[in-house]
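The following questions and answers concern the structure shown below. They begin with a term needed for helix packing.

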Amino acid sequence: MTVEISYREALHQALREEMQRDGDVVLLGEDITGYGGSYAVTKGLHEEFGLDRVMETPIAEAGIVATAIGMSMGGMRPVAELMTVNFALLALDQIVNNAAKFHYMFNGQWSVPIVVRTVSGFGQLAATHSQTFEGWFASVPGLKVVMPATPADAKGLLKTAIRDPDPVIFIEHSLLYSKRGAVPEGDDHLVPIGEAAVVREGGDVTIVAYSRMLLEALAAAEELSAEGVECEVVDLRTLRPLDVDTIVQSVAHTHRAVVCGEDWRTGGFGATLAAEVQDRCFDVLDAPVARVAMADVPLPYARNLERLLIPTAHSVTEAVRSLLSIGGRS
Amino acid sequence: MAKATSRPSTSRGRAQRTGEKAAASPRRRDRAALRGLDDETLLLMYRQMLLIRRFEEHAAEGYAQAKIGGFLHLYIGEEAVAVGALHGLRNDDHLITHYRDHGYALVRGCDPGQVMAELYGRATGVVGGRGGSMHLADASKHFWGGHAIVGGHIPVAVGLGVAQQRKDTGLVVLDVFGDGATAIGMFHEAMNMAMIWRAPVVFLCENNLYGMGAQLAEQSPVKQLVDRARGYNMPAAQCDGMDPVDTYRVVREAGEHARRGEGPFFVEALTYRFRGHSMADPEMYRTRDEVREWRAKDPIPAFAARLTEHGIADDKRLKQIDGEVEEQVVAAVRFADESPPPDPATIFDHLYAAPLGPAAPERSEIRP
């Protein structure tokens with residue numbers, strides 16, 4: 001049985017259920033109590049669980065992640081909320097030098113079971129508030145990086161992340177919070193970290209996407225299907241550890257791949273994906289791996305300029321069409 | 001606060017020689033200055049300061065012989081701080097420190113052989129050769145590491161403190177850092193959050209007057225670092241970091257304050273490192289006179305003099321301790337030297353606590 005809820009409600013349910021299940025699970029972040037969280041995910045939880053378990057913090061991103069790390073070393077299961085991924089840069093030292101390193105550098109003596117929930121997205125917010133840095137986080141050994149696209153995955157992956165013994169960077173998307181979808185009923189819906197999903201089957205091109213770009217990829221696949229082009233769409237869900245095998249298996253029968261992301265083209269996560277596909281699938285590829293990514297420019301405020309830069313379903317269909325024009329498509 | 005009057009002997013300042021000199025000191029002191037610590041504890045303090053000193057002298061030799069790589073930051077001159085502070089707290093109170101961490105590891109009870117083996121990058125090191133000098137740790141002893149990004153561990157201690165509070169463990173956290181770290185944002189975030197949450201944390205600032213080579217005046221508008229605490233409405237005190245007993249007294253009060261649930265406490269220990277910032281430091285930023293002046297306050301001979309003066313130990317006993325410590329350190333060096341390097345097959349171990357399995361992408365990265 002499933003129930004139709006929003007991505008926001010799915011995340012809220014995941015937090016609430018895990019807090020009910022385990023008294024060590026605590027939330028901390030800026031404006032997550034009375035204000036309800038800047039995207040209203042934590043709304044009301046402080047009333048149910050009290051201010052000891054839903055902790056309001058000062059505006060101090062490094063301090064938030066650092067104290068979460070310390071709490072986890074003291075036996076707690078903290079879920080830190082960083083208002084947006086742009087602000088996560090202030091906590092980068094804690095994430096990269098502490099959360100990702102302790103287990104390895106201290107020879108497995110302890111792990112850092114924290115979840116850092118944060119948000120990417122855009123919407124006329126200008127250059128400093130419209131970024132996404134999953135490629136940076138995913139480049140760090142020791143971190144796990146999760147970017148769900150659907151309410152079901154948002155709920156199942158967040159619950160898994162909270163139970164996971166390693167630090168998980170959990171990146172939500174501001175434009176997905178109100179999207180609705182079917183979520184399995186009950187409090188035991190878990191989605192494993194590190195497993196991609198083939199969400200649409202097709203034999204002509206593999207489209208690899210995650211987070212909001214999955215929705216764009218599916219819209220593109222629908223449009224192309226009407227033209228007789230069948231796309232296979234892979235939702236990565238987890239960026240690290242990366243489920244390369246699922247991508248390779250798909251490309252083995254489509255012989256073409258488009259990799260999609262909202263981050264910058266240079267050094268973005270798509271660059272890693274393209275390199276992996278090229279490395280593992282060189283013999284079966286009929287065309288170079290195509291990229292859909294943000295142009296290398298800070299996002300401007302003006303609506304028309306912003307629209308020129310944001311990758312959309314149209315960007316994906318264009319990429320697929322250009323791929324199909326290369327090589328001998330039978 | 002007792003003043004050190006004895007002078008260290010030349011070169012390595014062996015305690016047996018300084019002990020003899022100290023015996024000649026005419027000045028009488030009040031036994032109360034030793035804060036009611038029993039003889040056994042006072043002798044242990046002496047032994048521990050000496051252990052740090054001898055251990056590091058041998059480590060410096062190992063560095064010169066290229067048996068130790070990377071950075072080596074010596075604590076020589078500052079021994080009284082670690083010894084005094086840890087005696088002021090419970091053995092199971094939590095400890096997290098900066099990268100000048102050999103002294104804390106040894107006093108907390110890490111085996112000197114395993115600590116030396118870590119410096120040597122051997123499999124038998126306290127963290128298996130993965131961390132080196134700056135990243136010693138033993139979670140079973142609640143020693144959560146030396147940390148080498150200046151200031152980065154300071155707010156981690158606050159979270160660890162919050163966990164003690166929530167789980168009602170009755171334990172406090174000793175959070176050790178240097179004067180240079182009081183300029184970085186994470187120190188201020190930590191002080192602020194600790195005070196808001198009343199976290200049971202003793203912030204122990206070892207003020208050795210230099211952040212690498214920059215003088216305090218170049219880095220801070222406040223002359224006394226205890227004044228930093230005022231901005232957070234946090235109680236604070238200074239101690240003589242060249243005196244283990246004074247450091248013990250102040251840290252003990254700070255720890256009990258935190259243990260009573262009254263929140264964090266800031267302690268500034270006034271101290272001095274006799275050696276460079278690291279082994280690579282040519283020490284262009286301070287004068288020989290200044291170093292000589294501070295070396296005259298060497299905590300080890302000064303403490304030896306007090307022990308003999310109060311009849312806690314005679315020269316013979318102190319010599320005996322010195323001999324035992326030297327033997328212990330020589331054995332530690334031998335252990336490190338004879339230990340194997342880490343097995344290359346373990347290079348991906350402990351990357352994640354949840355095993356990713358043999359086919360996991362992290363494993364596939366191994367291209368031997």
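Axes are lines fitted to C-alpha atoms, for helices over the stretch in contact, and angles between N-to-C directions run from 0 to 180 degrees. The model discussed here is predicted.

Q: At what angle do the axes of α2(B) and α3(B) cross?
A: Helix α3 of chain B covers residues 79–87, and α2 of chain B covers residues 39–64. The axes of α2(B) and α3(B) come within 9 Å, and they cross at roughly 140°.

Q: Why are α2(B) and α3(B) described as oblique to each other?
A: Angles over 145 degrees count as roughly antiparallel, and those from 65 to 115 as roughly perpendicular. The axes of α2(B) and α3(B) cross at roughly 140°. The pair is therefore classed as oblique.

Q: What is the hand of the crossing in which α2(B) passes α3(B), and how many nonpolar residues has the contact?
A: The crossing is right-handed. On the side of α2(B), the contact includes Met45(B), Met49(B) and Ile52(B), and on the side of α3(B) it includes Ala80(B), Ala82(B) and Val83(B). By class, the contact has two charged, three polar and six nonpolar residues.

Q: Which helix gives the most to the largest nonpolar core?
A: The largest nonpolar core has 209 residues, and Val65(A), Ile207(A) and Val202(B) are among those with the most contacts inside it. The helix that gives the most to this core supplies ten residues and belongs to chain B: α2.

Q: Which residues is Val65(A) in contact with, leaving aside its neighbours within four places in sequence?
A: Val65(A) is one of the residues with the most contacts inside the largest nonpolar core. Leaving aside those sequence neighbours, its contacts are Ala80(A), Ala91(A), Gln94(A), Ile95(A), Ala99(A) and Val116(A).

Q: Which element provides the largest share of the side of chain B that touches chain A?
A: The contact takes 38 residues from chain A and 39 residues from chain B. On the side of chain B, β2, α6, α7 and α13 each give two or more residues. The largest share, eleven residues, comes from α6(B).

Q: Why does Glu318(A) count as partly exposed?
A: Glu318(A) lies in helix α12 of chain A. A residue is buried with 20 or more other C-beta atoms within 10 Å, and exposed with 12 or fewer. Glu318(A) is partly exposed because its number of C-beta neighbours inside 10 Å is 15.

Q: What percentage of the residues of chain B count as buried?
A: Chain B has 13 helices and eight strands. Of its 368 residues, the share that counts as buried is 53%.

Conventions
Residues are numbered from 1 along each chain as its sequence is written. Chains are lettered from A and ligands numbered from 1 in the order in which they are written. This is a predicted model: local features need pLDDT of at least 70, side-chain atom pairs count only at pLDDT 80 or more; totals for chains, interfaces and linings use all residues. A nonpolar core is a set of buried Ala, Val, Leu, Ile, Met, Phe, Trp, Tyr and Cys residues joined through C-beta atoms within 7 Å. Helices (H or I, at least four residues) and strands (E, at least two) are DSSP runs, numbered from the N terminus. Two residues are in contact if their C-beta atoms, placed from the backbone, lie within 7 Å. Angles under 35 degrees count as roughly parallel, over 145 as roughly antiparallel, 65 to 115 as roughly perpendicular and the rest as oblique. A crossing is left-handed if the near helix is turned anticlockwise from the far one by less than a right angle, and right-handed if clockwise. Ala, Val, Leu, Ile, Met, Phe, Trp, Tyr, Cys and Pro count as nonpolar, Asp, Glu, Lys and Arg as charged, and the others, Gly among them, as polar.
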